[in-house]
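Thank you for making the time this morning. I would like to talk through the ligand site and the pockets of one structure, so please have a look at it before I go on.

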Amino acid sequence: AQSHVLWPEIDRITAEQLHYARQGVGEGVWELFAEDGEMRMYKREEEVNGLVVDPLKAVHTVKGVTGFEMCHYFFSPDYRLDWETTIEQMKVLEKVSDDTMIFLQIHKRVWPASQRDALFWSHLRQVPDSRDPDAQNIWIVCNHSTEHHSAPEKSNGKYIRVFLTVALVCQTMIEPPKNGAQITRDDLTCKITYCSVVNPGGWAPASVLRAVYKREYPKFLKKFTHYVYDQCKNKPIRF
Ligand SMILES: CCCc1ccc(-c2ccc(S(=O)(=O)CCO)cc2)cc1[C@H]1C[C@H]1c1ccccn1
């Protein structure tokens, strides 16, 4: 993928998003708006040209799966329609490499706003942890809006195109079994940070968008993480 025209941007945005995901939510600006078990979901209220673009950051801990497994199911197009309930259609416009694809997604209409589509590259990468060299257990999927020759600039007016940047950063923690036994899924914990900024691309009532995000994001992360656990629980562990 290093030869693709998008590579410099992919490299830059992925590194930026990894850094951003690692920043704590301690600094006062984040508002906790949803909790469910180990999941904590925060947002900042921000508007750009009168459009709600509230950045979102969620942290979650899921036992029994690895960071690779979580990122693999988030990245791969084969499973997306099983867990993503807000999309009507999904198309891979280009397979840049095994770890980089370009997606066009048509999202379900959020009444009374107009229907949206999203065109973005998606990149899966294992991350060396600068602070902790023996933690080669961090994986990231970064999704970032892009142009593409085979996606009409404007979906001939049918959908409003959103602009998004999303990062799913997952770290595997292993509790080594005392008696030197083989690692099982009971010894695994996956620490998840999910960050997203979605610019709706065109006017939509702030109250409607904020209500949709408040409802959809917790539902999405809960459904997605349960889906991955169920997919993996009877399969060999993949790090
Ligand atoms: C007016 C904006 C409509 C709208 C466009 C796009 C998205 C959206 C796109 C991508 C991703 S993802 O994390 O990259 C997973 C791959 O699909 C998440 C969210 C969300 C909404 C809004 C519908 C809301 C929503 C919120 C949370 C999850 C899903 N949908």
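Let me begin with a question: how far is an oxygen atom of the ligand from an N or O atom in the side chain of Asn-143? In this model, which I should say at once is a predicted one, that distance is 2.9 Å. Two further pairs belong beside it: an N or O atom in the side chain of Glu-84 lies 2.7 Å from an oxygen atom of the ligand, while for the side chain of Thr-86 the partner is a nitrogen atom of the ligand, at 3.3 Å. As for how much of the ligand is covered, on its own it has 620 Å² of accessible area, and the protein covers 99% of that.

Turning to the surroundings, there are 19 residues around the ligand, and those that come nearest are Glu-84, Thr-86, Gln-105, Asn-143 and Tyr-194. By class, this shell is made up of 12 nonpolar, four polar and three charged residues. At least two residues of the shell come from each of β7, residues 100-107, β11, residues 163-174, and α4, residues 206-232, and of the elements it is α4 that gives the most, with six residues.

Where, then, does the ligand sit? It sits in the largest pocket, whose volume is about 690 Å³. The lining of this pocket counts 31 residues, and nearest its centre lie Glu-84, Thr-86, His-107, Tyr-213 and Tyr-217. Here again α4 has the largest share, with eight residues of the lining, and the elements that each supply at least two residues are α3 (77-83), β7, β8 (116-127), β11, β12 (188-199) and α4. Sorted by class, the lining holds 16 nonpolar, seven polar and eight charged residues.

Finally, I would like to turn to the second largest pocket, which holds about 360 Å³ of space. It is lined by 19 residues, of which Ala-21, Val-59, Lys-191, Ile-192 and Thr-193 are the closest to its centre. Two or more lining residues come from each of α1 (7-22), β5 (56-63), β11 and β12, and the largest share, four residues, belongs to β5. In terms of class, the lining of this second pocket divides into seven nonpolar, six polar and six charged residues.

Key:
Residues numbered from 1 in each chain as written. Predicted model: local features only at pLDDT ≥ 70, side-chain atom pairs only at ≥ 80, totals over all residues. Heavy atoms only, no water. Near = heavy atom within 4 Å. Polar contact = N/O pair within 3.5 Å; in protein donor to acceptor, adjacent residues only side chain to side chain. Areas by Shrake-Rupley, 256 points an atom, 1.4 Å probe, with all protein chains shown as cover. 1 Å grid on protein atoms, 1.4 Å probe; cavity = no way out; pocket = protein on both sides within 12 Å on 5 of 7 lines; lining within 4 Å. Sits in = over half its atoms within 2 Å of the grid points. Nonpolar A, V, L, I, M, F, W, Y, C, P; charged D, E, K, R; others polar. Points joined across faces, edges and corners; volume = space filled by probe spheres on them.
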